[in-house]
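Q: I should like to learn how to read the features of a protein model. Could we go through them one at a time?

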Amino acid sequence: MSQKPGKATEEDKKKRKHKKKTKQILTRAVTHIRLIEANPGKLDALDQLVVVFQALCQRYVTLLCLADSGPDKYAAPVFETELSDRWHRVAMQQAAGIAGSWRTNRQVAYDAYLEDVADYAETKAKAQACGVPLDLKRKEPAWREWNLPVLRVPAIQANANVVVVEPSEDSTFDYWLRISTLDKGNPLRVPVKLASYHKKALQGRTLNTSTTLHKRNGVWWLTLSFDEDVPLQTEPSAPLVGVDVGIANFVTTSTGKQYGSFQGKLARRHKRDREKRRRKARLRACLEKKGVPKRKLPSTSSATGQRLGRHVKQEINRAVNLMIKEHPGARFIYEDLSVASMRFKARSMNAYLYASNLAHIPEQIAWATAKRGMAAHTVKAAYSSQECHRCHYVDRANRPDQSTFFCVVCHHRDHADHNAALNVASRWGDQELAACQKKDQIKAVLLRRHEACKQLFGLAVVQPAVQLGLWDDPPASTDVA
Ligand SMILES: [Zn+2]
């Protein structure tokens, strides 16, 4: 029924910056409105249109993904098509959106890979310098190039230039959908009948002019949306709560609480599902060998996998909602994570499939807080799990295992996710970090802070600091030098 708030355009962002924020605009979607075929063949024109539209959209997706610079949805058309100029533009804009997120996600993954390579080289050099052989378990990172997106489900993100929603005068239907087709001057008019829950959701609302049409299992579905203003409830002096996002714990707050986990029940379901798919694949291969025709083979798509994905999302929603409930009046600060960086968080579990579900966590935080008029902000996530919250020292070695943070310099010890949540909270309003474009710049800033911190406390760190209660354990003097 509802949809996550869409990404604001640069223009929108600028506009909002000038005005003091007193409300947030939520775009709510009303989904699963089935298009009715009043008489047979009525939707044929739409079927013919989407074939041409999708082929064109796919050509632009490929072009824009491979282009040297980021996609510009206002660029001049480059392909010939039988579509009208307006439809052509709609296809280009849709392609620009798909290509844009693919490029961003790939870049994030590639940057993480480069960082891995550098880290590996550093560790190797260190090991060689000490004459210790490198951990055999550690492999040199390898990059596997991403596949280009392939459009599978026929879908159209239309605007009012090509699809218009008209209120119906007739009481039998609620709206008419007027769709321009390949046959110029001869639009298709499809009646739209709303279910009672659709009507309830749309009552008194002004529809947005953009619509989405998609076809699944031979049925066309319409998605409508409307904007809703939610007054901002969070006080300027509201306490900050940092949120770390992870797998062992979906969310850990700087207040020391943890909500939801992929381990336990969900992990067992994941394992069962994977085994089931393996069995199915083996059976398929076996039958194929025996010459069973392709259409009679068991399908390789996994309905249980999809169900599990939905289940993970439900668990995430539950965890995030509980976190919000237990921190009323707070201002939430969380990591700006993409699907690709979640994949790297999930690497140890080799659960790429679940990474896309885990990326649902920041989305849900954004959505659930916005819905309640609560303030929530994202900050740069880089090194938040490796940075010591007390002395800002950044090192992979600060993480002896998944759940422990132990600073090799000041010997600060904490639960790893809690230490990260504290870092996240303190990054809000940190102009210097926010200005960093690259991850290594962030590392440089943090290490500079660590040096300053050492100047302040560290020159005689061993004895006085302990007396002052600044450190939990007396650090070995060699560590500080
Ligand atoms: Zn430290």
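The dialogue below takes up helices, a metal site, a pocket and some backbone angles in this predicted model.

Q: How far apart are the end C-alpha atoms of helix α5, and how far should its 25 residues span?
A: The general idea is that an α-helix has 3.6 residues a turn, so residues three or four places apart point the same way. In this structure, helix α5 covers residues 265–289, and at 1.5 Å a residue it should span 36 Å. Its end C-alpha atoms are 37 Å apart, which agrees with that expectation.

Q: Which residues of α5 are buried?
A: A residue counts as buried when its relative accessible area is under 20%. In α5 the buried residues are Leu266, His270, Asp273 and Arg284. Just after this helix, Gly291 takes a positive phi of about 85°.

Q: How many of the 12 residues of helix α9 are buried?
A: The count is 9 of the 12, so α9 is largely enclosed by the rest of the structure. Among the buried residues are His360, Ile361, Trp367 and Ala370. The helix runs over residues 360–371 and reaches 16 Å from its first C-alpha to its last, close to the 16 Å expected at 1.5 Å a residue. Just after α9, Gly373 has a positive phi of about 70°.

Q: Which residues coordinate the zinc ion?
A: To read a metal site, one lists the donor atoms and then examines their arrangement. Here the SG atoms of Cys388, Cys391, Cys407 and Cys410 coordinate the zinc ion, at 2.3 to 2.4 Å. Along the sequence, these donor residues follow the spacing C-x2-C-x15-C-x2-C. Of the donors, Cys407 and Cys410 are both buried.

Q: Why is the arrangement around the zinc ion called tetrahedral?
A: Four donors count as tetrahedral if all angles lie between 85 and 135 degrees. The 4 donor atoms around the zinc ion subtend angles of 105 to 113°, which makes this arrangement tetrahedral.

Q: What is the volume of the second largest pocket?
A: Rolling a probe the size of a water molecule over the atoms shows where empty space is left. The second largest pocket has a volume of about 150 Å³. It is lined by 13 residues, and those closest to its centre are Leu63, Leu64, Asp72, Ala75 and Ala76. Helix α2 (residues 44–66) gives the largest share of the lining, 3 residues. By class, the lining consists of 9 nonpolar, 2 polar and 2 charged residues.

Q: Is Asn217 buried or exposed, and where does Asn217 lie?
A: Asn217 counts as exposed, because its relative accessibility is 78%. Asn217 lies in the loop between β6 (211–216) and β7 (219–231). Although Asn217 is not a glycine, its phi is positive, at about 50°.

Q: Is Tyr383 buried or exposed?
A: Tyr383 counts as buried, because its relative accessibility is 9%. This residue is found in the loop between β12 (376–379) and β13 (404–406). Tyr383 is not a glycine either, yet it has a positive phi of about 65°.

Q: What separates the C-alpha atoms of Arg427 and Ala381?
A: One compares the spacing along the chain with the separation in space. Arg427 and Ala381 are 46 residues apart along the chain, and their C-alpha atoms are separated by 9.0 Å. Arg427 is in the loop between α10 (416–426) and α11 (431–434), and at 5% relative accessibility Arg427 counts as buried.

Definitions and conventions. Residues are numbered from 1 along each chain as its sequence is written. This is a predicted model: local features need pLDDT of at least 70, side-chain atom pairs count only at pLDDT 80 or more; totals for chains, interfaces and linings use all residues. Side-chain values use heavy atoms; hydrogens and water are left out. Helices (H or I, at least four residues) and strands (E, at least two) are DSSP runs, numbered from the N terminus. The expected span of a helix is 1.5 Å times one less than its number of residues. Buried means under 20% relative accessible area, exposed over 50%, partly exposed in between (1.4 Å probe, protein chains only). Donors are N, O and S atoms within 2.8 Å of the metal (3.2 Å for Na, K and Ca); water is not among the atoms, so sites may look incomplete. Four donors count as tetrahedral if all angles lie between 85 and 135 degrees; four count as square planar and six as octahedral if opposite donors are over 155 degrees apart and all others between 65 and 115; anything else is irregular. On a 1 Å grid over the protein atoms alone, a cavity is a set of points where a 1.4 Å probe fits but cannot get out, and a pocket is an open set with protein on both sides within 12 Å along at least five of seven lines; lining residues have an atom within 4 Å of a point. Grid points are joined across faces, edges and corners, and a volume is the space filled by probe spheres set on the points. Ala, Val, Leu, Ile, Met, Phe, Trp, Tyr, Cys and Pro count as nonpolar, Asp, Glu, Lys and Arg as charged, and the others, Gly among them, as polar.
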